[in-house]
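Here are my notes for your setup. Please read them with the coordinates open.

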Amino acid sequence: MPEGDTVWQTARRLHTALAGHVITRSDLRVPKYATADLTGRTVLDVTPRGKHLLTRIEGGLTLHSHLRMDGSWKVYAPGERWSGGPGHQIRVILGTADRTAVGYRLPVLDLLRTTDEERAVGHLGPDLLGPDWDPDKALANLLRDPARHLGEALLDQRNLAGIGNIYKSELCFLLRATPWLPIGDLPAEHAARLPALAKKLLEANRDRPVRSTTGRRDQNLYVYGRAPRPCLRCRTSIRTANQGDGSRERPTYWCPTCQQGPSPHH
C-alpha cells in the first residue's frame, strides 16, 4: 500500500507535470463522471493530504483520488508507451500539450467543488508531511483510546495521516513495542517521541527512490517483509501475522525479543 511519503512523491510528480497547464484531454472513466469534461481548464496544483491526492482545477473544481492498495498515477511524455496496466484498469486521463497523467486502479475518484474538499479529507488527523502537522494533537488522538492496539492506532488516519503497514511495523520496532501492545501501556518516554519519530521517518524518505528506515546500505528495513530472517539487532527470527479485524490483509512484522508486549503467537 502506498504510504504518506509515496503519495507525497506522486503529488509532486503530478504537480510538476500538470500545474499551470491547460487540460487538452479529459477522460473520467467512472460512471458518475462519464460526461464530465475538464478540457480548457488549467490545473492549479496537486496537493497530498495524508494518503489522498487533491488535483485542483480552474473553475473551483478538485479531482480527489486515493491509491489504497494498488492504485497508481503515471505521467507520460507525448508518444511514450503507457505501461501502468491494461486499458480496462484506467480510471482517469488528464492530458496537456506536454504530458499525460493516467490514473490506474484508483478505488476512489471524485470530482467535487474545491470548497467541499473537507468532505473528502476533513476526517483526517494531522498530516505528517503537511502544513497542518501538530505533534501534540497527533499524540492526543493516539492516546484517546488507551486500550487500542498500538499498530491499529497508528494506521487510523483519523489520528495522524500518512502511516501504512510498513511504517507501522517499523515504528513499533523502533519504539521497542509489539503492534499488539495497548497504546496506553506504551512507556511515557516512548509515547512522547512517537510523533517526532514518525515525522522523521516519512520526511527522510519523501525524496528517496527506495524507502529506508535503518540508514544501512545492506538492509533498508528493520522488520517489514523480513520474516523469518534474523533481527538486525538480536538475530532472533522476525515473525509475521495479520493485524486487525480480518476485513483486509494487514501483514505485520515484529521481533519477539526486541519488542515488548503481547502478540498473537503468545
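Where is arginine 235 placed? The points below start there. Keep in mind that this is a predicted model.

1. Arginine 235. The residue sits in the loop between H6 and E9. Its phi is positive, about 75°, although arginine 235 is not a glycine. Relative accessibility is 56%, so arginine 235 counts as exposed. The cut-off for that class is over 50%.

2. Arginine 226. This residue lies in the loop between helix H6 (188-205) and strand E9 (239-242). Arginine 226 is buried, yet it has no salt bridge. Which side chain of opposite charge is nearest to arginine 226? That is glutamate 170, 7.7 Å away. A salt bridge would need a side-chain nitrogen within 4 Å of a carboxyl oxygen.

3. Surroundings of arginine 226. Neighbours within four places in sequence are left aside here. Arginine 226 is then in contact with Gln219, Leu221, Cys231, Leu232, Ile238 and Tyr253. Please look at these contacts together with the missing salt bridge of arginine 226.

4. Cis peptide. The bond from alanine 227 to proline 228 is cis, and its omega is near 0°. Proline 228 is found in the loop between H6 and E9. Arginine 226 has its place in that loop, and so does arginine 235.

5. Arginine 68. Here is another positive phi, about 45°, on a residue that is not a glycine. Arginine 68 is in the loop between E4 and strand E5 (72-76). Its relative accessibility is 40%, so arginine 68 counts as partly exposed.

6. The sheet. Four strands form an open sheet in the order E2-E3-E4-E8, and the pairing is antiparallel. Why do E2 and E8 each have one side without a neighbour in the sheet? Strand E2 (43-49) and strand E8 (108-113) stand at the edges, and each has a single partner strand, so one side of each is left without a neighbour. From one strand to the next, the twist averages 20°.

7. The E4-E8 pairing. How many bridges join strand E4 to E8? There are 6, with E4 covering residues 61-66 and the two strands running antiparallel. Among the bridge partners, histidine 64 is matched in E8 by aspartate 110.

8. Helix on the sheet. Helix H1 (residues 4-18) packs on the sheet. H1 touches E2 and strand E3 (52-57). The direction of H1 makes about 175° with that of E2.

Notes: Residues are numbered from 1 along each chain as its sequence is written. This is a predicted model: local features need pLDDT of at least 70, side-chain atom pairs count only at pLDDT 80 or more; totals for chains, interfaces and linings use all residues. Side-chain values use heavy atoms; hydrogens and water are left out. Buried means under 20% relative accessible area, exposed over 50%, partly exposed in between (1.4 Å probe, protein chains only). Lys and Arg count as positive and Asp and Glu as negative; His and the chain ends are not counted. Contact means heavy atoms within 4.5 Å. Two strands pair if DSSP finds at least two bridges between them. Axes are lines fitted to C-alpha atoms, for helices over the stretch in contact, and angles run from 0 to 180 degrees between N-to-C directions.
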